[in-house]
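Grab a coffee and open the viewer. Here are a few exercises to work through with the fold in front of you.

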Amino acid sequence: MLIGLTKRMLFETDKRLLWKLVWNMGIKGIRSVQKHKKRLKKGEFFPPYLYISIINSCNLRCQGCWVDVDHKQQKIDVPAMNRMITTAKKMGNSFFGLLGGEPFMHKELFDVLEAHPDAYFQVFTNGHFITDEVAKRLRKCGNVTVLVSVEGSEIVSDTRRGKEGVYSATMKGIENCLKNKVMTGVCTSLCQSNFDELLTEKWVDNLIEMGVLYTWFHIYRPVGPDSNPDLALTPQQQRVARQFVVDMRCKKPIIFIDAYYDADGHALCPAATGFTHHINPWGDVEPCPIIQFAKESIHDERPLDQVFNESEYLRDFRKTAAEHTRGCIVLERPDLIESLADRHGAKDSTARKKALAELQAAAAHSSQYAPGSEPIPEKSWAYRLAKKFAYHDYGVYDEHFKEENWIDPNDNPREPGESELVQLG
Ligand code: SF4
């Protein structure tokens, strides 16, 4: 598998882009994680990877989306983006995730990408705005990878994403990227309607044949204004997905990304470990994209490093999350997010101003943490090594996690609509 992947990297990519990926994202990315670990030891904090939602607008209306895509357009302007990225670079960061809405609807996106040739950007996109011309410009930048979401075959994809023709426009965007040798990944939010079709060797082979370099199977999370719990995977399906990824990593010449397990297969939450936090299009600093409550903003007078380091709200989030589960606290214990926001007077950071009501109406769901089942460790030595070194829990669960605080969401679901603060732990 490694030989096949190395061959693909060497023969299918533009060497300048490959070098940018290896240096800016790989080597400098690993260095930024080491700095994060050192900061944690000193009791300081700055996340080594920032998710930045640069705009709320989108041309699609996907099922289960939590972004206020129908509201007046809001974007982070170029000076604010540059300030934020420059501060993060001073802290040792080099790798940034740009989300939306649809990031390519941000007219100044390229101004930001071009202003930071020493950083690396991963743009999460539906691919619809990636024309041949856009792809050429991306190649010229060199410091960008696009991660295009594909949610299933034409029918499934168009249903999940709210209109006809979505699938073909997405595939066209991918084609333009690949034709121009842009580093391209494909991600899928696994749910009931695409699980059997996309979690297959056939789909992975298809991606490899197309020239896609990496893939990422997210798990659909029923949150936000139009959450659809019927689409959520069962714990058994989540285990099947984990096993599939571990097996395919040893078999297929394509990179598999995942964010929820360490080398030994123990679940983790990247926001609880402090690996990442999220900035929304209004500049609010949130624990992660689906926790839409904030205390601080990038538009504060204080520099961003100070904002992160001094945030009691984010510190309490990380502690609360790590104390109660190795999985996703939002899914398992929405009540704890509600009380956290209440404790800190964190404001609803959505435009729709219904985040609290949505949280109160949310039932508890299972997540990547499944106590009682054997963890599924990495089999590939390359992934094991990479995770051992750079992607693990940084000791936060040793410090905080107590198994007795974990409540099986299936045994103890909070009734949807229950509105008072409930302390289950
Ligand atoms: S809180 Fe849940 S959705 Fe957010 S980063 Fe953690 S596991 Fe992921």
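The exercises below walk through strands and cores in this predicted model.

**Exercise 1.** Find out how strand E1 and E2 pair, and trace the chain between them.

*Solution.* Start with E1 (residues 49-53): it pairs with E2 in the parallel sense, over 4 bridges. For a landmark, pick isoleucine 52, whose bridge partner in E2 is leucine 98. Now follow the chain from E1: it goes through helix H3 (residues 78-90) to reach E2, a β-α-β crossover that is right-handed.

**Exercise 2.** Do the same for E2 and strand E3.

*Solution.* E2 and E3 (residues 120-125) also have 4 bridges, in the parallel sense. Here phenylalanine 96 has phenylalanine 121 of E3 as its bridge partner. From E2 the chain passes through helix H4 (residues 109-115) to E3, and this β-α-β crossover is right-handed.

**Exercise 3.** Why is strand E2 largely enclosed by the rest of the structure?

*Solution.* Take its residues, 95-99, and count neighbours: a residue is buried if 20 or more other C-beta atoms lie within 10 Å of its own. In E2, 4 of the 5 residues are buried, so the strand is largely enclosed.

**Exercise 4.** Which residues touch the most other members of the largest nonpolar core?

*Solution.* That core has 87 residues, and the list is Ile52, Phe96, Leu98, Phe121, Val146 and Ile337. Helix H12 (residues 312-324) gives the most to this core, namely 5 residues. Don't miss a second, separate core: it has 9 residues, among them Leu190 and Phe217. Finally, zoom in on valine 146: beyond its neighbours within four places in sequence, its contacts include Val123, Ile130, Leu138 and Cys177.

Note on methods:
Residues numbered from 1 in each chain as written. Predicted model: local features only at pLDDT ≥ 70, side-chain atom pairs only at ≥ 80, totals over all residues. Core = buried A, V, L, I, M, F, W, Y, C linked by C-beta atoms within 7 Å. Buried ≥ 20, exposed ≤ 12 C-beta atoms within 10 Å, placed from the backbone. Helix = DSSP H or I, 4+ residues; strand = E, 2+ residues; numbered from the N terminus. Contact = placed C-beta atoms within 7 Å. Pairing = 2+ DSSP bridges. Right-handed = clockwise from strand over helix to strand, strands pointing away.
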